[in-house]
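Please open the model in a viewer and keep the selection tool at hand. The stops below proceed from one selection to the next.

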Amino acid sequence: MNYQETVEYLFNSTPVFEKVGASAYKEGLYNTNELDRHFGHPHRLFKTIHVAGTNGKGSCSHTIAAILQAAGYKVGLYTSPHLVDFRERIRVNGECISEQYVVDFVEEERGFFEPLHPSFFELTTALAFKYFAEKKVDIAVIEVGLGGRLDCTNIITPILSVITNISLDHTQFLGDTLQKIAGEKAGIIKPNVPVVIGEYNTDTRPVFEAKAIENNAPIVFAEDTQEVIQVENELNGRKRYTTVSYGDINGELAGEYQQKNTNTVLHVVKLLKDMHVIDNDDCVRVGFSNVCESTGLMGRWQTLGTSPLVVCDTGHNVGGWQYLSHQIKAVECKTLRIVFGMVDDKDIEHVMDMLPKNAVYYFAQATTHRAIPVNVVGEKALAHGLYGTCYTSVEDAYEHALADAEKDDFVFVGGSSYVVADLLTYKKNNN
């Protein structure tokens, strides 16, 4: 098999959450432990930082990796989902795993893993850990796939754990209250391993505190001490953060929600300095200012055009849209045009409550079985006073939005990671 055939094999022969949802979720770590044993426990050969949370874990993971790279380390980065190419999930110093490595892994190991019937994520995690070990990374930033306690990344014992925040998402797996979801995500807290909690509320803080006490794990609540004093939006779309400990930091990531992520990451940095993993502040400033270039991050308030302004963002749940809706409404433009679609396990009703009423909508259906049919999205939108046209693909909706737009308009594309993935794939294939 060539690379494309190998990726299609992985997607078609293993249950993939991105494609089929709940049926791909495998509770328990049996397969993970079997794969780990088979490959000789590769995750024990390098240090790790473990990142969980409902929103922001991707941005935080990439930023931490960028800072560690700037500090001179060889850094593995494991994140999900990918947007354009499967290889985005597994990187070393920002460079994607090679196509040949993926092909060879499947060819050489399928005799072992096929009888196990692992999920796509279980197999991908094993591939990532094996690759990082063979590449002799110094440290790897590992993003949790779903939840924490039973996530297959949770076999690692990191030097530091991070939980960005908790909101209602994936409730069919993690529980229908903030306390239950916090309990699942708190499962990454390990004995004697420090943990940074980015955001909390009265429902979640006691859960984290109890788990930390049970594990004798030092716990830091980033919101208790604000490192970020002031935020200014710069003309180039970046953010300038005035901080307590690091002076002015130029942030490449432009989303309004990045202020919370920045405060979380700066508390992570403080612990890494206490551990003598980081020994200067320059790498912090360099890391924040070069996240996308250093690590390949895409889809976070990403500007794709300026006349008209075109922005995409992967925010896909109520927690994310609390920030996105405000930021979209704050953009000065002649006409706001929104390409929008969602998948079936998200709270579309509450997200639509937050969408701007004064926009022209281009409703789209992403290429995933989990996409809410576009006619259903359109019907729900009407009930919320949102008006537009339905399109069967993201690229069709996007092209119509562009064709309608004048140079002073603002075109926003989002609602789901898969909407953004379809857009970025379309643009890559048509450049």
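Begin by selecting glutamate 214, which is exposed, with a relative accessible area of 60% (buried means under 20% relative accessible area, exposed over 50%, partly exposed in between, with a 1.4 Å probe and protein chains only). The model is a predicted one, in which local features need pLDDT of at least 70 and side-chain atom pairs count only at pLDDT 80 or more, while totals for chains, interfaces and linings use all residues. Residues are numbered from 1 along each chain as its sequence is written, and side-chain values use heavy atoms, with hydrogens and water left out.

Add lysine 211 to the selection: its side chain meets that of glutamate 214 in a salt bridge (3.7 Å, N to O). The term denotes a side-chain nitrogen of Lys or Arg within 4 Å of a carboxyl oxygen of Asp or Glu. Both residues lie in helix α9 (residues 205-214), 3 residues apart, about one turn of the helix. Helices (H or I, at least four residues) and strands (E, at least two) are DSSP runs, numbered from the N terminus. Lysine 211 is partly exposed, at 24% relative accessibility. Then select Arg205, Glu209 and Asp224, which are linked in a network of salt bridges. The whole structure holds 19 salt bridges.

Next, display residues 228-251 to find an open sheet of 3 strands in the order β9-β10-β11, with antiparallel pairing (two strands pair if DSSP finds at least two bridges between them). β9 (228-233) and β11 (247-251) are the edge strands; each has a single partner strand, so one side of each lacks a neighbour in the sheet. On average, neighbouring strands here are turned by 20° against each other, direction ignored. Axes are lines fitted to C-alpha atoms, for helices over the stretch in contact, and angles run from 0 to 180 degrees between N-to-C directions. Over 5 bridges, β9 pairs with β10 (residues 239-243), and valine 231 has tyrosine 241 in β10 as its bridge partner. Now add helix α10 (residues 258-274), which packs on this sheet and touches β9, β10 and β11; its direction makes about 140° with that of β9. Contact means heavy atoms within 4.5 Å.

Move on to the open sheet of 6 strands, ordered β12-β13-β17-β14-β15-β16 with mixed pairing. Its edge strands are β12 (302-306) and β16 (388-391), each of which pairs on one side only. Which residue stands opposite arginine 337 in β17? Valine 411 does, and the strands concerned, β14 (residues 336-340) and β17 (residues 410-414), run parallel and are joined by 5 bridges. Select helix α16 (residues 394-404) to see packing against β13 (309-313), β14, β15 (360-364), β16 and β17. Helix α17 (residues 417-429) also packs on the sheet, touching β12, β13 and β17.

Within this sheet, β15 and β16 pair in the parallel sense over 4 bridges. Together with helix α15 (residues 374-383), these strands make a right-handed β-α-β unit; right-handed means that, with the strands pointing away from the viewer, the path from the first strand over the helix to the second runs clockwise.

For the last stop, select lysine 334 and glutamate 406, whose side chains meet in a salt bridge (2.7 Å, N to O). Lysine 334 lies in the loop between α13 (318-330) and β14, and glutamate 406 in the loop between α16 and β17, so the pair ties together parts that are 72 residues apart in sequence. Lysine 334 is exposed, at 54% relative accessibility, whereas glutamate 406 is partly exposed, at 43%.
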